[in-house]
Every structure is written in structure tokens, then in C-alpha cells.
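Please examine the sequence and the structure shown below. The dialogue that follows takes up questions a newcomer might raise.

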Amino acid sequence: MVLIFIISCMHLKNIMATRNRISTNFLVLIILVLECLGSVFGQNSSGNIRCFERERQALLKLKDEVVDENGRLSSWAVGGNQMECCKWIGVLCDNRTNHVTQLNLRAPPGFNNDGPSVAPLKGKISSSLLELRHLTYLDLSLNDFGYSNIPEFIGYLEKLQYINLSFANFHGSIPPSVGNLSELIYLDFSSNSGLFSENLGWVAHLGSLEYLDLSFVELSKASNIWLHAISNLTSIKELHLANCGLQGILPSSLPSINSSAPLSTLDLSMNPSISSSTFLFFLSFSKSLTSIDFSSNNMTILTPAYAFDNQIFLEHLDLSNNNLEGGIPKFFGNMSSLTHLDLSRNSFMMPLSEIMINFSGSVEKNLKYLDLSDNMITGSLSDFSKFSSLNVLVLGGNKLNGSITKDYPNIPSLIHLDLSSNSFTGELPDLTIYPLLEKLYLNNNMFNGPLRESIGSLSKMEVLVLASNNFEGIVTESHLFNLSRLTILDFSSNPLLAVNCSSDWIPPFQLTAIKLSKCKVGPHFPQWLQYQKNLKFLDISFSQITDTIPSWIGDLTSGPINLNISNNQIHGVFPKIGFFSFNLTGYSRSLVHDSVYGMVLDLSRNKITGQATFLCQSEEWVLIDLSSNLFFGNLPNCFANSTRLRFLNLANNNFYGEIPSSFGSLPLLSLLNLRNNSFSGGIPTSLRSCTGLKMIDLGENWLTGIIPTWIGDELLSLIVLSLRFNEFRGIIPSSICNLQNLQVLDLSFNKISGVIPKCLDNLTAMTDRPGSEQKISDLLGTPALYYTLLDAAYFTWKGKAINYVNNNIFVELIDLSSNALIGDIPSEITKLLGLVSLNLSRNILSGQIPANIGLLKYLDSLDLSRNQLSGGIPASLSELSLLGNLDLSYNNLSGRIPPLSFDESTFAGNPGLCGLPVLNKSCPNDNENTHKSDANFNGDASVTDNLKLDEDELITNGFYICMAFGFVFGVWGIFGVILLNKSARSAYFKLLDSIEDSVYMRGELKKAHLREEALSFRIQNPWPALVDSRFQMRMRSKRRSRPSLEVGDCCTIL
């Protein structure tokens, strides 16, 4: 460098001596000299190090201010051979000037480029970046900067041409200083939650910008300015503004267009307030568009055909998920360059045959992708043979019917065929006419008959989904022999289809997802599954398996993200499995039915035993359902880091001990069901942190203490609260009334005292009519697939278990029965107009039944029995037309029974009640009414007397004499023969012995039947407050004893 400096100076001297030189050359050489000086004094003394000291220090300071948990910047150091910053990972220097020009710290993406990064940098961006004055390229995407703001100084890196801060967890307003980057060509701030800009004026200054992506940045307050700013980008080639909250602009406010921009890619999807006029503007703004995405915009009218006249280069058009109605216009047929057309999820209503006519034209030659799914297209399958280049055909979710003939659709080039969710019938044709087929979706139709073995010859098949049809017969390895590329197999919900592959068969494929639920897979566990080492989704529920759970499930590589073997008769100890996190994509994720990354484990309704320590092997749980098995032991207290867990169902097992306090570390927990175990102690205070809880069922345990007041103060999202059949004491806290979303309140079978809170009318969710609320899947945030999580939630009516839910809608109920509540029934309870069931029985309630109880029009069950209620039965009860169960027995009610269609048992134990025909007891006024009616019978009392005489004519003295003689001769005629005849006497006593045996057998059967009921439902005691606790303990131990004596077992013994 010194030599270069000397030569340059000598050259400068010669130039100055030469008077004929022009001033321009002189200035150029002055610049060269200054550059040489900078190189001499700015560079490290070592000749092998290229990078400048000030730039190295700036990078080291940047490293110090970020959190690098994964050592991605480990090469950024100052010792030994690591001084050369131009060789550091993510750093690129200019080969001529040695200045740092590129900084690429993009984090590695998640699995399959989907989901969060696996090794993000955290912390903040250091202002030392300003020392990198020659920086032209900056990529910090996919990192996690903790909702910090984009630094203002970013706008002072004036030489930047490329900047990418997408998916980096930035927050706040985009600094207007970004508009200073006049040389910027590429800008991507997309997918940062909470990032916004109220004024896009800074965009208008980026005259060199060719690529702009602000997707998922909030721009709703930018008003009309956003389009005016975009119209100034005369060099723009790609524009992505998806889900920005863009507002519609009136045609009169649209900016003028002076010249056509080179825009080729336009994405304005997911802006439902945007107008069709904006779409028209961009069709005029650029005549070189090749890709348009205007999906999910509530668009109702298609742009006039002439608007597309100039779009001769358009290849990709996505108008899906709008509100387009009517027919599909003919101008699509003239788009000669179109290769991708997506019109799915609209309201097009026309026969498929007419659509094919409208598509006739030049589009037939080049179209490769056609999606018309989720419309209202009718008719049978048409001839697509004219679409010679078609690779993807999606017609699912329409109203198509008929059978698939061997000729249609005759598209040899087809790779992806989706005819799902229609009404196609008949057998499948020979699919070998599609030798290139990779994905086949025929689910949710009415196909029937056996599957052809020729399907196994489709060697390129990757996804095969035939679920929810009426296929029958047996699927063997012959159907799958050559499907070596297969990754997803779904035969579920074909109850007549058996999957029976030989136990020694080794499949040629490695599946990631298998769904065989509601097929005939059992009785044995399918052995060929053990060879699937990439399995991430396995559903063999309802598949008639009665086998021992195999140990080789634990050998499946990395363990499945979704394991569902529920509703079988699988038994044995659950093996150890190495669970790990794994992210699914595409159809595999749709099988999981959950958009949240995490793991699902459903072992419910089997006979699996063991302790649940395996739950500690993962922190990625989303759903755990071990209900209705034989698991036992203390529940491990290892949920502190399972922050994704949303649904936990451990009902109907033999767990004991205290409820783990680590449940309080589950911020997303929505459903907690621990019913019918042996948990003891109180409700852990830590649960108050689970403010997202919508269902708590802790019924049928040994829990003690008082009902915490924080339930009503903190868990304001609760919809279901069941604490039935425990040992809770104290009063019902008035804070319960704060639960405005509550639809199920069950505190029955405890030792709760005090009065019923009068504020129950604050439970506003119960004031609406039943069914007006959202469905369970919406309320709990749980997909319909996991609706079965709630089937263990029930209340009791006269010994019968009734589910909390009906048609995927919660039954609105209050059950406070079998406690020691006192006082009146508050009249405020009659304001809960949506109540379907009200059970206040077996308490010590007094006073009268609220007179306006008839306001509860939707009431189906009302039980006020075994209290100390007095007064009359309100006449308004007769207005409850939907009332199917009523029990007012064993109170102190009096007076006439209003017109009600219930039998005498409903009113038993109320001596003061009267009224025919329900009771065989007339009321005092009934006699007067009878006399009046008799006196009015033709006005002649003698008629009545004659009738009475006629009725008594048969009963005379001779009648009684004959009855006495008949008794004597009848009795002694039988017993005399027995006493005098030995053989008759022997036969008689044998008959008695036989009757005795029969009575004994019936008695034993009845005892066994009662014992079986006691195991399933606790015996209800009319006065639980006075019942001896030892009796309750005996009944609890009977309920939990396993195995129980069944009626069939009793018959075997006898």
C-alpha cells in the first residue's frame, strides 16, 4: 500500500508539471490518493487481514448486543486467525475495497421452511451498524428481536440496496427515515406482528425500489395515501401487501397513471375492505403483470372483461375466497398465457359442463393448474381432455354427482386430482390411466365397492386419501405393493373396509401420516407399522383392535407428533416413547386439525395401564387425552415448560395424590378434565394463572377445602365448572357470578352450606336461548375432531348420566343438588332464560317455589325434591311445554296441582298436595263441584239415588255366605289332599323348593345389578348433610374397585 501511495504521489507531481492536462484528470487522481491514504491508515498492520479495524469493532459490538443462544456468531472473534472479519459467517467484503458490503444474519428456517426459526438471534440491533458505511445488503430475517422497534438509524445506511427484516418480531411504527434509502432496490418488512405505518409517504421516495413486501404490516390508517405512494414507484416489479388492512378507494380518488410500471407480481390478498376499483387501477397501472393474487378480499363482482385485454402476459391468477357469484365468465378462455387459475371458495353456481364451454379457447393449451373447489358447481364430471397440459385439477367441495367413468377426466398428464366432498357414487375406475398421478383425494363421497389392486401400480403416488366413503372388501399388501413414494395414506371412515396385511410384510414406503380410524384393522395390532420410521401422524382409533400395545411403538424414529389409538380394547402397559417436537405441513397438518405447532396424544377409552411418567418426555404437547383407561399413581409435576398445552383430559382413571401445581404454568390451557380419579387436597392456587381456561371438571375425586373465590375473579373465560362429588365445604362464593360466559355449573354432592347467591342472574350466557351461543369447537378453540374430549362431562338426573353437550352445543344447566344449602330459591334464577336443567334437590331449602318459574321456557329438567319447600306449586309451571323431567317430591308443598302431565311419583311426600287425576286425592272444593254437577243432572235427585242402588245390587247377604263356603271348601280341598296323599305332598314341597331357589336367584341378580349401578353412579342419599361419612367412603371404594361384578358374572356363579 505504501508503494502504491508513493507511485500515486509521483504521478500527481508529473500531472501538476504538465500544464496541458485538464482539471478533470487532476480531480480523479486526488480521489485515488485519498483512497490510498485511507487504506494505509485504516488497515491493520498485518498484511494478511483485509477488513478494516473500525468495521471489525462495529461487528463485534453488534455481536455483544445480540443474544446468540446457538453459537451462530462463534466465528466472530479477535484471537488468532479469527481477526479477518471478511471470513466471518454472514459477512461479505468487497474484493476491491475490502469494505464490508453484505451482512446476512438470516436465521435458519424451521422444518421444511415452515414455522419459526430453530436458532434465532435475540436482543437488539446495535447502532454500531452505522460504521458499516459501505453496507449494501442487510438480512436479519427470521430472528427474534423481542417486539422491539425497527431502529431509526436504519434509514441512515444510505448505500443500502437490499434490506430484509421479515419474520423478525419487530413492533411499532416503521421509521420514516427508511425513505432516505434512495438506492434501495429490495425491501421486505413482512410478517412482523404489531408493525404498522400510519403514513406511507416515505415509500414514495424510494424511486429505485423494485421489490416491496409489507405483508401483515398494519396499514389501515394510511387511508388513501397508500395507493398514491405506490403509484410513484415507477420501477416496481413485485408488490406484496397481503393482510395489511388496506382500505377501499373510491374511483374518483384514484391516482392518475402517467406511464405503465414494470410491475409483474401483485399480491393484495386478505384485505377484505379493499375495493374492486383498486383491482382495476393495478390492471391499468401495469401491462406486464404475470401474477395476481387478489384472494380473500370479499370481492363480489368480477372485473369487466375488457380490463384483462392488455394482460397478455398473465400466468397466475388467484381470486379464491371471495364472494363471487353466478357463472364463470367466458373471457378466461381467451387468456392464452394463463397457467394457474384459482377460483376456489366462492359462490359460483353453474353446471360443470357450461364452465367447460366458457373455458373453450386458447387457455386450454397452457393451463396447468385449475382449482374450482368449494363452490356450488353441479352436474357430473366433464371431459377435460382438451386441457392437454393440465397437471392439477381440484373440484372438491361442490355438488357434483354421478359416477366416474373410465373416460373422464381423461388427462394423462394429471399429477394432482381432488374430487373430495362431492356426491360421486359407484366403483372407482382403473386409475392406471393416470400414470403420473402423485396426489389423489376422493374423500367424503359415496364411492362403494372394492378397491382395485391396480391402484398399487401407481408408482409415483405420494398422497392417497379415500376416507369417508363406502368402500368394502379387504385391502392387502397387493393394493400397496409398488407405492414406494407414498407418504400419506388415509382410508379412515370406511366401516366396511378391512385392512389386513400379513404380519411379515415389509412395506416399500415410509409414511409420515397414516389414518385408518373406523376401518376393520383388528383384532391384532398391524405389525407392518413397526417399519415406518418417519411416522409423524398415526390414527387407528375405532379400528376394533383388542391386542396388547406393542413395545416397538417406542422404536418409531423421533416419535409421532400425533398418536391416536383411542376407542379400542388395547391393553397392557404404555411403553416409553422418545417424543420430540415436529412441525407438519400441508395435508399432514390438516390431519392434526390444529394450527398450533405441537403434539397430540389420544389413548382414551382403552384398557391401557401404567404410570404417566411418559408425559414428562416432551414439552411440545398441545393435546393429551388419557381418559377412560387404567392409568394410576401420582401425576408427575413436570408441566412447567409445556406452555403449548391446551387440552388435558385424564378423566376416569386411578390417579391419586394432589393436583400438580405446575398446571399453573400452562398459559394456553383451555380444557382440564380430571373427573373420576382419586385426587386429594385442594384446588392448587397456581391454576388462577390459567386465565384461558374454559372448562374445568374436577368431579368425583377426594378434593377438600372451600371453593376458591379466585375462580370467579380470575378465570373469567370459564364455560364449564364442575366440582361435583367431592368434599368441598363452605359457601358458594359470590364471585362465581362474575363468570358471564358460564353455561354449566355443577357443584352437586359436596358439603356446601349457606344460601344460593342472588346474583346468579349475572351469568349472562345462560340468559340466551339454547343454541344461540357458539358451538363447542368455537368456544373451546378445539376442533370438532376433539369434540369427544367432552363426552365424559355429564350431570345426573334420577340416576341417569346425561351429557353436558347436545349436538355440539353445551346444555345450559345448574346443579347444586345433594349439599346443605339453606334459605329460599332466589327469584333471580328465573332470569336465566336459557336454562335447560335446574337441579336443587336434596338440600335444606325452604320458602316457596318462585312464582315466575314459568319464564324458563327452555327448561327440560327441574328437580327440587327432598327440600323443605312450602306453599303451592306455581301455575306457571304448566307453561313449560318442553319440560320432560319434573321432581317436586318430599317437600312441604300444599294446594292443588296445576295441569301437568306427570305421574304421582313427581309429587310424592307432599301430604298437603291434592288434585285429581294425578293424585288419588281430591281437593276440598272438588266435592262442592261434584254436588253441583249431580244436582244439575236433569234437576232430579232421585235419578242419582237409583244409580247408587243399581251399583250396589250385586252386594247382598247371599254374596257373603257363598264367599265363606267357597273359602272353606277351596282351602281344605287343596290342603286335605296334601295331608292325606304322600305323593302330592312330596310334589308340593318340591314346588316350594323350586320357588325358593328362583326367588334367591332373582335376589342375587338384583343385588349384582344394584352393585353395578353403584359403581357407575353414586348412590344418592336424600339427606347428605346427615349421612354417616363412613357410608360415603364405602360407596366410593365400591365405585373405584376394579374389576366389578357384572350381571353376567352373577349368572355364571349361580
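**Cores, patch and disulfides**

Cys 690 has a relative accessible area of 0%, so Cys 690 is buried (under 20% relative accessible area, with exposed meaning over 50% and partly exposed in between, for a 1.4 Å probe and protein chains only). The model is predicted: local features need pLDDT of at least 70, side-chain atom pairs count only at pLDDT 80 or more, and totals for chains, interfaces and linings use all residues. Residues are numbered from 1 along each chain as its sequence is written, and side-chain values use heavy atoms, with hydrogens and water left out.

Student: Is Cys 501 buried or exposed?

Tutor: The relative accessible area of Cys 501 is 11%. Buried means under 20%. Cys 501 is therefore buried.

Student: How many residues does the largest nonpolar core have?

Tutor: A nonpolar core is a set of buried Ala, Val, Leu, Ile, Met, Phe, Trp, Tyr and Cys residues joined through side-chain atoms within 4.5 Å. Among the residues with the most contacts inside the largest one are Leu 103, Trp 226 and Phe 491. The number of residues in this core is 242.

Student: Which helix gives the largest share of this core?

Tutor: Helices are DSSP runs of H or I with at least four residues, strands are runs of E with at least two, and both are numbered from the N terminus. The largest share of the core amounts to five residues. These come from residues 276-285, helix α5.

Student: Which cysteine is in contact with Phe 491, leaving aside neighbours within four places in sequence?

Tutor: Contact means heavy atoms within 4.5 Å. The partners of Phe 491 include Leu 451, Val 475, Lys 515 and Leu 516. The cysteine in the list is Cys 519.

Student: In which helix is Leu 991, a member of a nonpolar surface patch?

Tutor: Patches are made of residues with over 30% relative accessible area and no salt bridge (a side-chain nitrogen of Lys or Arg within 4 Å of a carboxyl oxygen of Asp or Glu), with like charges joined within 9 Å and nonpolar side chains (Val, Leu, Ile, Met, Phe, Trp, Tyr) within 5 Å. Phe 989, Leu 991, Leu 992, Ile 995 and Val 999 form this one, with about 450 Å² of accessible area together (Shrake-Rupley method, 1.4 Å probe, only the protein chains shown counting as cover for residues). Leu 991 is partly exposed at 47% relative accessible area. Its place is in residues 982-1016, helix α14.

Student: Why is the disulfide of Cys 616 and Cys 638 left-handed?

Tutor: A disulfide is a pair of cysteine sulfur atoms within 2.5 Å, and the sulfur atoms of Cys 616 and Cys 638 are 2.0 Å apart. The pair ties together parts that are 22 residues apart in sequence, because Cys 616 lies in the loop between β37 and β38 and Cys 638 in the loop between β39 and β40. The disulfide is left-handed because the torsion about the S-S bond is about -85 degrees.

Student: Which cysteine forms a disulfide with Cys 737?

Tutor: Cys 737 is buried at 3% relative accessibility, whereas its partner is partly exposed at 21%. The torsion about the S-S bond is about 70 degrees, so this disulfide is right-handed. With sulfur atoms 1.9 Å apart, the partner is Cys 759.

Student: How many disulfides does the structure hold?

Tutor: One of them joins Cys 914 to Cys 923, and that link is right-handed, with 100 degrees about the S-S bond. With bonded cysteines counted along the chain, the pattern is 1-2, 3-4, 5-6, 7-8. The number of disulfides is four.
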